Every structure is written in C-alpha cells, then in structure tokens.
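Colleague: I should be grateful for a close look at one part of this protein, set out for a student in the first year. Please explain which side chains pair there and what surrounds them.

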Amino acid sequence: MLIPTFFSGEIPANLGRLPKIQELNIANNLLNGSLPEFLWNRTKLTQLEIIRYGEFVAACYDAFDLNPNSRRYLNSKYGKRRMLSEVGLGESGYQVTKYIYATPDINVFSIGGNSIGSLCGKWIGYIAVSNDEETKRLGRRDVLVTFRGTVTNPEWIANFMSSLTHARLDPHNPRPRVKVEAGFLSLYTSNEGKKFGLGSCREQLLSEVGRVLNKYKGEDMSITLAGHSMGSALALLLAYDIAELGLNRDKLLNSDHTVPVTVFSFGGPRVGNSGFKERCEELGVKVLRITNVNDPITKLPGVFLNEHFRVLGGKYEVPWSCSCYAHVGVEILLDFFKMHNPSCVHDLGTYLSLLKCPKRLQVQREEGIDFFNRAKECVISGAKNKLNFNALQLKNAAMNMVKLVQSQRT
C-alpha cells in the first residue's frame with residue numbers, strides 16, 4: 001500500500017503560513033517522528049486543516065435528507081442555525097449563513113412517462129463564516145463554501161455530459177479559450193425557469209459571497225471552497241468565477257489587495273480544458289486535490305484527451321490541445337482499495353479515514369488490479385482487433401463501475 005504523499009507544489013493561499021513542502025510523506029513523517037520539530041508541527045497542521053475542510057463537506061451528506069417520505073426530501077434535515085451542531089461540528093467556529101440549491105437542467109422520465117426529476121432545486125451545500133474566536137485563531141475571517149457530491153439521477157446525467165463548452169462567465173470578456181464541462185456548467189448556471197422560482201446556483205453563491213465580503217470589509221479575509229466529487233467541480237467553477245469577476249478584489253480602492261481563493265477538492269473530476277487551467281493559475285486560484293489512484297471519477301472526463309496528451313515528445317503541441325481536459329492545482333495522492341467493496345475508492349469517509357489514521361486503515365490492493373485501466377485497455381484493444389472484445393474483462397470492469405455508481409446513490 002502506498003501512503004499519502006505531498007507532490008511538488010505550492011501550498012494553497014489560505015495555508016500560506018506553512019512552508020513549501022516537496023514530496024513530503026505525511027504518514028511517515030507523522031508516525032516515525034523523523035522530521036525536525038518545527039517541520040513536524042507544520043506538517044501535522046496541514047494534515048489537520050485538510051481533514052477539517054473534508055469534514056465540512058461530509059456535513060452536507062450527513063444533513064442531506066434521502067427519505068422520500070420526508071417533507072424535507074432532497075433538502076437539509078436541519079435549519080441552517082443548528083445544522084453544524086446536529087452533524088457534530090458545533091464547536092467548529094463557523095456559522096452557516098445560507099443554504100445553496102442547484103437545479104439540473106435535465107428531466108428524467110420513468111417508463112410510464114411520469115417525470116421523476118423536474119427542474120426543481122435540490123440542496124447541494126452551504127456558505128458559512130468563521131466567528132470572532134475562529135477568526136482570531138486563523139488570523140483572518142474565512143468565508144467557507146462547501147458542496148456535496150452526486151446523489152440524484154439528473155446530477156449523474158450532468159456528470160456524464162462530457163462535452164466542452166465555453167464558460168463565458170465574464171460578460172465583458174468571453175475568453176473563447178476557456179472551456180468547461182457542459183454538465184457542470186449547466187448545474188452551476190441553471191435556474192428553475194419560473195417567474196418567482198429559485199435562482200441559479202451561481203446567482204445564489206455570488207450574491208451571498210458578495211454580501212459577506214462587504215459586511216466584513218476592511219478585515220483580513222479568505223475564501224475557502226471545498227467539495228467532493230461533483231461538488232469539487234462546482235467549487236472550482238465558483239473559485240474561477242469569483243476571481244474572474246474580481247469579487248475578491250477591492251476595485252474601489254484600486255489596490256492590489258486580493259482576498260485569497262482556495263479550493264479543497266476530494267475525489268474531484270476534471271472540470272475544464274487547458275485554457276481553463278491556465279486562466280485559473282493566472283488569477284491566482286489555489287487548488288489542492290486529494291485523490292485516490294484507484295478512483296475512476298478523478299480520471300473523468302477526458303479519459304483519452306487530457307493533460308498527458310497535449311504535447312508530443314515533450315515538444316510539439318497537438319492541434320486539438322484546446323479540447324483536452326486538464327486538472328488544476330497541486331495533488332495529494334492516496335492509494336486504497338478493498339476487494340470486497342470496490343465502491344470505497346470514491347467514498348469521502350474512506351478518504352478522510354486514511355488522512356486521519358493512515359497506519360490503522362486496513363486496505364487490500366491486489367497487485368495489478370485497476371478496474372478503470374482494465375476498461376480503458378479493453379476498449380483500446382477492441383478497436384485494434386476490430387471490436388473483438390474480451391467479454392469477461394469487459395464484464396468485470398463494467399460491473400465494478402456499476403457498483404461504484406450505485407453505492408453513491410444509496
């Protein structure tokens with residue numbers, strides 16, 4: 001089993017008090033005490049900050065009502081004032097200010113023709129602000145936005161709408177090179193389509209973030225966005241949107257001061273093309289991606305056209321490079337797998353368990369087992385051999401992908 005590793009890269013802005021860490025093995029450093037004390041403490045602090053933001057995301061799942069007989073079905077079980085307390089985060093130092101709802105622009109019909117997925121907003125996350133005590137501890141007022149992952153059928157369909165489309169989130173500059181996945185953008189920008197219906201996820205987010213920033217104007221602030229799976233994609237879209245529109249800059253004072261924007265992505269997919277990645281970097285958006293090497297969601301979309309296929313021989317950029325998906329940010333790579341429960345590879349609880357206690361978490365990983373790559377190799381070999389597929393190989397890969405999807409819906 002491989003243990004969590006920091007790859008070379010800069011620590012995100014709101015962890016800026018920590019030094020640059022290169023190829024630093026969290027588990028070894030924390031368990032064998034081989035580091036100098038000052039670096040030991042900073043490494044442990046980084047680990048705890050990552051876990052803490054992961055727990056804020058887990059709160060979305062804990063509070064989400066999946067009981068179809070409940071009057072709060074597909075909404076939060078609790079009011080925003082007591083939600084964090086109900087899920088065990090009452091002492092976190094944050095207060096929820098707004099719930100966020102997203103409307104998939106997709107209808108799903110049953111066999112009888114009755115719609116079971118209408119243009120109706122579903123609770124997808126929340127915005128919270130650090131209180132005075134937590135602000136003093138952090139050294140800044142933190143605006144936290146968290147998103148859950150995919151649960152409903154329309155959301156799953158949105159996930160698999162893998163075509164790239166122009167983002168066009170800045171009305172004054174369309175930036176034709178910046179493209180994002182169509183399904184994620186639809187979920188981010190669609191509304192209920194009614195005269196007095198719910199506004200889009202984007203409208204809700206920008207309005208509340210702008211209100212909070214204005215309320216605490218003059219204080220040192222940070223904007224932290226965290227999400228799991230599809231929620232990671234929404235977090236990154238919001239981070240880009242805030243930075244592109246300049247909501248984190250004080251335009252009235254015409255100064256260079258910017259509120260740092262940081263994304264914590266747990267098991268997140270690719271969101272946009274190389275133009276999107278480059279623009280995020282230009283705007284100073286910091287992204288820390290926590291991924292599992294066996295998690296197929298982190299390899300989507302762009303199974304074939306991704307950041308690894310943009311340049312040939314390290315020199316020549318291919319003509320279709322603008323259509324290649326690309327991950328954004330710095331990666332923490334985990335490696336876990338359970339033969340009796342393949343769906344754990346994408347489970348947020350498993351991610352956090354390994355980060356909290358890498359030595360105690362018992363995982364089994366048979367050498368060479370990688371269902372995602374098996375499926376990929378099967379498709380490639382089938383094309384080479386005129387679609388002469390290995391039926392057993394394809395069946396095994398497909399069945400494990402189905403188990404993964406089903407586990408996230410239950």
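Modeller: The account below begins with one glutamate and its partners, and then turns to other parts of the chain.

The model is a predicted one. A search through the whole of it gives 16 salt bridges, and the residue chosen for the close look, Glu 244, takes part in a salt bridge with Arg 175 and in another with Arg 279.

Consider Arg 175 as the partner. The side chains of Glu 244 and Arg 175 meet with a distance of 3.2 Å from N to O. Glu 244 belongs to helix α8, whereas Arg 175 belongs to the loop between β7 (164-166) and β8 (179-181), so the pair ties together parts that lie 69 residues apart in sequence. Glu 244 counts as buried because its relative accessibility is 6%, under the 20% that sets the limit for that word. Arg 175 has a relative accessibility of 24% and therefore counts as partly exposed.

Consider now Arg 279. Its salt bridge with Glu 244 has an N to O distance of 2.8 Å. This pair also links distant parts of the chain, for Glu 244 is in helix α8 and Arg 279 is in helix α9 (residues 274-282), 35 residues away. Both Glu 244 and Arg 279 are buried. Elsewhere, salt bridges with shared partners join Glu 49, Arg 52, Glu 134 and Arg 137 into one network.

A further salt bridge is found between Arg 82 and Glu 86, at 2.5 Å from N to O. Here Arg 82 is partly exposed, with a relative accessible area of 42%, and Glu 86 is partly exposed as well, at 41%.

Arg 175 deserves a second look for its backbone. Its phi is near 45°, a positive value in a residue other than glycine. Most residues other than glycine have a negative phi, which is why such a value merits mention. Leu 74 likewise has a positive phi, near 65°. Leu 74 is placed in the loop between α2 (37-63) and α3 (83-86), and it is buried, with a relative accessible area of 11%. Another backbone feature is the peptide bond from Leu 300 to Pro 301, which is cis, with omega near -20°. Pro 301 lies in the loop between β12 and β13 (311-312).

Helix α8 also helps to cover another helix. Residues 201-215 form α7, a helix of 15 residues that reaches 21 Å from its first C-alpha to its last, close to the 21 Å expected. Its buried residues include Cys 201, Leu 205, Leu 206, Val 209, Val 212 and Leu 213, as well as Arg 202 and Glu 208. Among the elements that cover the buried residues of α7 are α8 (230-245), α6 (182-189), β2 (94-102) and β9 (221-228).

The last residue to consider is Val 287, in strand β12 (residues 286-292). Val 287 is buried, with a relative accessible area of 5%. Apart from neighbours within four places in sequence, Val 287 is in contact with Leu 236, Val 263, Val 328, Gly 329 and Val 330. Val 287 and Glu 331 are separated by 44 residues in sequence, and their C-alpha atoms are 8.4 Å apart in space.

How values were computed. Residues are numbered from 1 along each chain as its sequence is written. This is a predicted model: local features need pLDDT of at least 70, side-chain atom pairs count only at pLDDT 80 or more; totals for chains, interfaces and linings use all residues. Side-chain values use heavy atoms; hydrogens and water are left out. Helices (H or I, at least four residues) and strands (E, at least two) are DSSP runs, numbered from the N terminus. The expected span of a helix is 1.5 Å times one less than its number of residues. Buried means under 20% relative accessible area, exposed over 50%, partly exposed in between (1.4 Å probe, protein chains only). Contact means heavy atoms within 4.5 Å. A salt bridge is a side-chain nitrogen of Lys or Arg within 4 Å of a carboxyl oxygen of Asp or Glu.
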